[in-house]
Amino acid sequence: MDIKLVIVESPAKAKTIQKYLGAGYRVTASMGHVRDLPKSKIGIDIDNDFTPVYEISAGKDKLIADLKREIKAATAIYLATDHDREGEAIAWHILQAANIGKRKPVYRITFNEITKDAIQSAIRNPREIDANLVDAQQARRVLDRLVGYKISPILWAKVRRGLSAGRVQSVAVRMVVEREREIESFEPKEYWTIEADLSPTGLKKLAKNDIFRAILHARNGKKLDKFAIPSKDDADAVLNALEGANYIVGAITRKDKRRSPSPPFITSTLQQEASRKLGFSSKRTMQVAQKLYEGVDVGGKDGTVGLITYMRTDSTNVAVDAQNEARSLITELYGKEYAPAKPNIYKTKAKGAQEAHEAIRPTSVMRRPDQLKATIGRDELRLYDLIWKRFMASQMAAAIFDSTSIDIGAGVGIKTATGAPFTFRATGSVLKFNGFLAVYNVSLDEGDEDEDKEALLPQLNEGQALDLHDLFGEQHFTTPPPRYTEATLVKQMESEGIGRPSTYAPTISTIVAREYVELVEKKLLPTTLGRVVTDLLVEHFKDIVDYNFTSDMEQRLDDIAEGQRRWVPVLREFYDPFAVRLHAAETEMRNVKREEIKTELPCPQCSNHLVIKWGRNGEFLACSHYPECSWTGDLERDGEGGIHIATQPEIFGNTTCPECGNPMSLKKGRFGPFLACNNYPTCKGIRKVRAQGKDFVVIPPPKPTEEKCPKCGRPMVQKEGKFGPFLSCTGYPTCRSIVRLTPNDAPTCPQCGEGKVVAKRARGGRTFYSCTRYPDCTYASNALPVAVSEEVA
């Protein structure tokens, strides 16, 4: 039987697509990238037109061998990686690594959603690999490698080992640093408002909405600006002038105010809204969205289906079929008046957006969130609910508010509002037609109007007298710009054209992991290290961390993808001046390894002031009178960026030091958390720990066994890993041989009935479950199979 081979990135995606293609097709996964630049060296021949020197990714040799075997047995090969530049490059690398050549017909297929129609349509309409997209991704990879591998060694020499610089990450850190300095230098400015609580004259009994608030709007016919009343003395002068004043209704303006729905999600807006409404980090949002895209088991006849379209996009375009389906459901659920006369079309605002792509939407709005409660995970359901509601709302009619504005004349002895020395204004609105608000109300940014939060005003007529209940001055101060959260940093990066949808979440994860930025109470605060490195880069590599330069480079990469530029000249144009700055920085950049930053904190040991230093494990506090006083301690920042001596770690359970038997405490080191002896530095005993949910468990020391290494014959020891026990060669790192140990209670593989199903880790850290007999058995799943008794079956 002829078999056509379809190659995708992940097992989950492969499983979903296999179901749609059926017999005659074999769908397999490349597990992400199969080739990349080497980690140990730059891997670019700069003098030979920046030629990249690729090598098979670590651990992928066996996978490539398996792919070659399957390719040999297939009659045709379909490369079905993601439909962006990264996916195009992965397809090209598979082609090169497997050395397919012209021996077999090779097709490139793409799809925006993993549904039966989309997959079968892609198979019917294949194309060749797009060399322009590959070049664009290759240019980005080479560019990022040049920046990282050329600047990082200078930072190692001048600041500390282990640091890195990046074309996008360094700009993101600069944004956080500059925002913090803007907050620190901000000087609040005082201003006052004059406010009055009023009600219609003559009411014997006041109802709930009869008393309303009005704010002084104009004086002697001239509108007051924000700082017209700058102090309490000025406010008191106005209050004195209004003592004994009459209040009379003047002009009443009523009009319908329309509020249009927001566009369907793109990557950045999904991350922002998931952060606000669900509390998800950018990374978590993309992990959950990936599952929804690749396929989730919804039970019943549908089984595993892709629930949303591709989640890395900056386009708000929507397929006509999807619009029509949504409009049909809107009419059915809410009525025809909720569907606008014509479908809502949204213009993409992101710089360099890929208009050919689609927005993030459900693959079918007929799969309503309430129907999936019993079949998909909690986080998947919450994010799907957000995407479904946002898309449905985007295709609905605008909400309409009855908006009212009332001007009120005020002054001593006035009979009419006309010519009154003071004018107060009250505004209110009533929702007349909820439109898209019947489904979804987007989270508003700070300062945005929210009409449905405005006060309800009583029925008033022009010339009507009003009673004064209270008249007072309200003090205000201008506030500094808010600190970035993950969501608002993504929004700013998108606004400046920094990075692309696929880079937002990894960039934020990187700058936090590198300790350039801390996440404190969901706010991003720059560390001392982040400030220092940013200042050095701004001084010596201004272009690299310049917003416009970085945005322009993204546009050049887009031009390469569209065939308007060639990638080598773009890199040459960048590299020649960059090389000059590199040479200058090596000699001119100041060495800050011994620099200290003074704080106002007193030393707990001698009361002299503390200074911030940094070592291999990050920044720390030390006494300024070293070596007379050798006190050191960790520091921590509060939500406002203030620096404090970190609270001493609590003793970790009953765990004792393997060297001296003293209690141990949990600490954070260069490679993550670990247990340290409380008798340090006299005793330097440590024990490794592993995260388990929000807690940590102690990793037991290696246990000797009688097993011999199958590669070198040395003894093997048993260790505990993330996925349970395994055997490791005592010759590590010379010999890296390991043997996975299958847990006794591991379920039997439901596909072959011989192997056991164990947890494994995919590229990116995602956990999946597969058979121990792989590659003879290709069973893979996102969840452990549940045993079913023969009686029940």
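1. A good place to enter this structure is Ala322, which touches Arg361 and Phe391 when residues up to four places away in sequence are not counted, a contact being heavy atoms within 4.5 Å. Ala322 lies in helix 10, where helices (H or I, at least four residues) and strands (E, at least two) are DSSP runs numbered from the N terminus. At 8% relative accessibility Ala322 counts as buried, given that buried means under 20% relative accessible area, exposed over 50% and partly exposed in between, with a 1.4 Å probe and protein chains only. The C-alpha atoms of Ala322 and Pro362 are separated by 8.6 Å, although the two residues are 40 apart along the chain.

2. Before going further, note that this is a predicted model, in which local features need pLDDT of at least 70 and side-chain atom pairs count only at pLDDT 80 or more, while totals for chains, interfaces and linings use all residues. Residues are numbered from 1 along each chain as its sequence is written, and side-chain values use heavy atoms, with hydrogens and water left out.

3. As for the chain as a whole, its secondary structure comes to 16 helices and 37 strands, and 48% of its 793 residues count as buried. The C-alpha trace spans about 105 × 80 × 65 Å along its principal axes. Among the contacts with a separation of 6 or more, 64% are accounted for by residues 24 or more positions apart.

4. Returning to helix 10 (residues 320-334), this helix packs with helix 11 (residues 378-394) at an angle of about 90°, their axes being 9 Å apart; axes are lines fitted to C-alpha atoms, for helices over the stretch in contact, and angles run from 0 to 180 degrees between N-to-C directions. Helix 10 and helix 11 are therefore roughly perpendicular to each other, since angles of 65 to 115 degrees count as roughly perpendicular, under 35 as roughly parallel, over 145 as roughly antiparallel and the rest as oblique. On the side of helix 10 the contact is made by Ala322, Ala326, Leu329, Ile330 and Tyr334, and on the side of helix 11 by Trp388, Phe391 and Met392. By class, the residues of this contact divide into eight nonpolar, no polar and no charged, where Ala, Val, Leu, Ile, Met, Phe, Trp, Tyr, Cys and Pro count as nonpolar, Asp, Glu, Lys and Arg as charged, and the others, Gly among them, as polar.

5. A second helix pair is formed by helix 5 (residues 131-158) and helix 16 (residues 567-588), whose axes come within 11 Å and cross at roughly 5°. Helix 5 and helix 16 are therefore roughly parallel to each other. The residues that meet include Asp135, Leu143, Lys150 and Lys158 in helix 5 and Trp567, Phe574, Phe578 and Glu586 in helix 16. The contact of helix 5 with helix 16 has 14 nonpolar, one polar and four charged residues.

6. Four strands form an open sheet with parallel pairing, in the order 2-1-7-8, where two strands pair if DSSP finds at least two bridges between them. The edges are strand 2 and strand 8 (106-108), each of which pairs on one side only. Neighbouring strands of this sheet are turned by 20° against each other on average, direction ignored. Strand 7 (residues 76-79) and strand 8 pair in the parallel sense over three bridges, and Tyr78 stands opposite Tyr107 in strand 8. Helix 3 (residues 85-97) packs on the sheet, touching strand 1, strand 7 and strand 8, and its direction makes about 170° with that of strand 8.

7. At the other edge, strand 1 (residues 4-8) and strand 2 pair in the parallel sense over five bridges, with Val27 in strand 2 as the bridge partner of Val6. Strand 2 (residues 25-29) is mostly covered, as four of its five residues are buried. Thr28 has its place in strand 2 and, at 9% relative accessibility, counts as buried. Leaving out residues up to four places away in sequence, Thr28 touches Leu5, Val6, Ile7, Val8, Ala14, Leu67 and Glu70.

8. Finally, strand 18 (residues 517-520) and strand 19 (residues 523-526) pair in the antiparallel sense over four bridges. Leu519 has Leu524 in strand 19 as its bridge partner. The hairpin of these strands has two residues between them, and in this hairpin Glu521 takes a positive phi near 50°.
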